[in-house]
Amino acid sequence: MPRINENFLQELKLKTDIEDVISTYVSLKKRGSTSIGLCPFHNEKTPSFTVYNDTQSFYCFGCGAGGDAVTFIKKIENLDYLDAVKLLAQRAGMQMPQDGFDDSISKSRRRILEINRESAKFYHNYMMSEQGKAGLDYYLNRGLTMKTIKHFGLGYAPNEWDSLLKYLKEKGYTVSEMVDAGVVKHSKNNHYYDMFKNRVMTPIIDVRGNVIAFGGRVLDDSKPKYINTSDTLVYKKTNELFALNIAKDNADSGLILCEGYMDVIAMHQAGFTNAVAGCGTALTPEQVRLISRYANEVTLAYDADEAGQKALDKAVKLFKQTDVKIKIPSLVGGKDPDEIIKTYGRDKFKGMLEGASNEIEFAILSERKKYNLNATQGKLDFINSCIKILSDVGPIEQDLYVTKLSNELNVDKSSIKAQLSDSIKKQKRRQQKNEYRKIVDDSMKTATKVSYDSSASIKQIKAEQRIIGLLLKYPDCRKLCSDFDTEKFSSSFIKRTFEEIISRLNDGLDVDLINFSSVLTDSELGQLSGIIARTGDSKNVKKEFFDCISIVNEEYKKQNQSSVSSMTDDEFRKLFNKNT
């Protein structure tokens, strides 16, 4: 990982407030000297994501993600280290230094983005030419206007094997760069050919306006119907949403999530400019978290066929793990939004969206279809299913739905409420047990995520983590460990971190978290952030530090004695000869 000029990092640290950076992505609430919010890196309903202003760090007690502002930007924007620093520098109004770092990965990213932009131009211009008329006719026959076609930069890949390859070569790009960008493939017999051939092309653009990938569709019903760019340095399909670059500016009223590119394009043309879709993959937790960054509500406008309804069920489960409210319209008169808009028009489709059910109504309606409500057993089973659904909602919603069920089924309201109350009590007991287990697991999280020697005791692991925490919080501790042998540490991560801290302190340099971004991996930065988060004040720093060093020495000695006792005579003689 590249090292960046120390003075530059120091200035960037002074001009960057981690709470300001994170608050543009996560809704934070003050809690004393820290701020908390829902973690953007995993689905949760109870905030476990904490921002520490005093150490300019963040840590999630739920998933273990942590680090500094650079780490956060890397993870949230899917950037490499150097590009994350550049983004923060740009935000702070700073120029990147011209020395002291290797930007080869950053250059590769830039070249891929340039290739994608040139490829998008090539596909669009070809479609607008006489030779590409088949692609243009396809879109026009699907009801798209020229304005919409240009707005989305739609195009057409020629029915040839190397048209784009030749075009990009003329622009000065190498074949290996084209392969890295995913627009050219390498065959087994050492030939190179265009990834997309005789397909209408949809460029995928990220929220910063970069063309990062493509989706290609055949003009007929041949297979495979769709081909999408594979993951590259600039694109990971599980992290992206099609048309979010446009929809984010209209997300105040929520986002509409569809299944396909054409659904989104048709909806935008009809005026629903807050529509988005996944990028050729089933909905992922990463995409759900991305939606939660831009909207508090999402309407799930999935296809009416069996596959669409299965995808809908999965989406509901994923969104239930967040605080994003969901609405589910009943789409009738067509298999997907595109067909419904074409057949019945914008106003009819708008009415379907406005009449959408919330997730509770949708769940109850889905359960109602399963049972014969004219039979006593059917009523009982339906009520039991509804009680499971209502156990997770607030008391006002519970009362409203219980009243509705009582009137509809002609069952005494107090009886339903009593059964619901009993169900909630049982659920709370289960949750308490799960929370207790989570507390126990969390206390060992840092220890288990970092690779420690299998013979290391919990006592030693905690002592090693405390040494690191005390060194960072009380740098004078370095004077207390001048002759300590770092080989006694049970983890290479702890050893490297300790040595880096001591080296920086000996050179009179800062040991703020931002200075470790180029030394540690994201996972290791998360562990270091966890150690920092758990390091409280010490009443007697010197004594505690010495105690921790003693524990490490003692535990190491025990392990060494144990290993000697288990040696054969020959192994012992070799060890003796080695040490004399």
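**Cavity, pocket and two sheets**

Reader: How much space lies in the largest cavity?
Author: This is a predicted model, with pLDDT of at least 70 needed for local features and 80 or more for side-chain atom pairs, while totals for chains, interfaces and linings use all residues. Residues count from 1 along each chain as its sequence is written, and side-chain values use heavy atoms, with hydrogens and water left out. A cavity here is a set of points on a 1 Å grid over the protein atoms alone where a 1.4 Å probe fits but cannot get out; points join across faces, edges and corners, and the volume is what probe spheres set on them fill. For the largest cavity that comes to about 90 Å³.

Reader: How many cavities of 30 Å³ or more does a search of the whole structure find?
Author: The largest cavity holds about 90 Å³, so it clears that cut-off under the grid rule. The search of the whole structure ends with a count of one.

Reader: And what sort of residues make up its lining: how many nonpolar, polar and charged?
Author: Lining residues have an atom within 4 Å of a point, and for this cavity they include K13, T16, I18, L88 and D512. Others on the list are T55, Q56, D68 and A69, together with L513 and I514. Nonpolar means Ala, Val, Leu, Ile, Met, Phe, Trp, Tyr, Cys and Pro; charged means Asp, Glu, Lys and Arg; the others, Gly among them, are polar. The split is five nonpolar, three polar and three charged.

Reader: OK, on to the open space. Which element gives the most to the lining of the second largest pocket?
Author: A pocket is an open set of points with protein on both sides within 12 Å along at least five of seven lines, and the second largest one holds about 980 Å³. Elements giving two or more residues to its lining are α3 (69-77), α4 (81-91), α5 (104-127), α10 (244-247) and α12 (285-294). With five residues, the top contributor is α4.

Reader: How many charged residues sit in that lining?
Author: The lining of the second largest pocket has 39 residues, with I76, E77, N78, L79 and R208 lying nearest the centre. Of the lining residues, 17 are nonpolar and seven polar. The charged ones number 15.

Reader: Zooming out, how many helices and strands does the chain have?
Author: The C-alpha trace spans about 90 × 80 × 55 Å along its principal axes. Both element types are DSSP runs numbered from the N terminus: helices are H or I of at least four residues, strands E of at least two. The tally is 25 helices and 17 strands.

Reader: In the five-stranded open sheet, which strands are at the edges?
Author: The sheet is antiparallel and goes β1-β2-β3-β4-β5, where pairing takes at least two DSSP bridges between strands. At one end, two bridges join β4 (57-60) to β5, with Y59 partnered by G66 of β5. Each edge strand pairs on one side only, and these are β1 (29-31) and β5 (66-67).

Reader: Then the four-stranded one: which residue in β9 is the bridge partner of A157?
Author: This open, antiparallel sheet has the order β6-β9-β10-β11, and its edge strands are β6 (155-157) and β11 (226-228). Three bridges tie β6 to β9 (199-205), and the two run antiparallel. In β9, the partner of A157 is R199.
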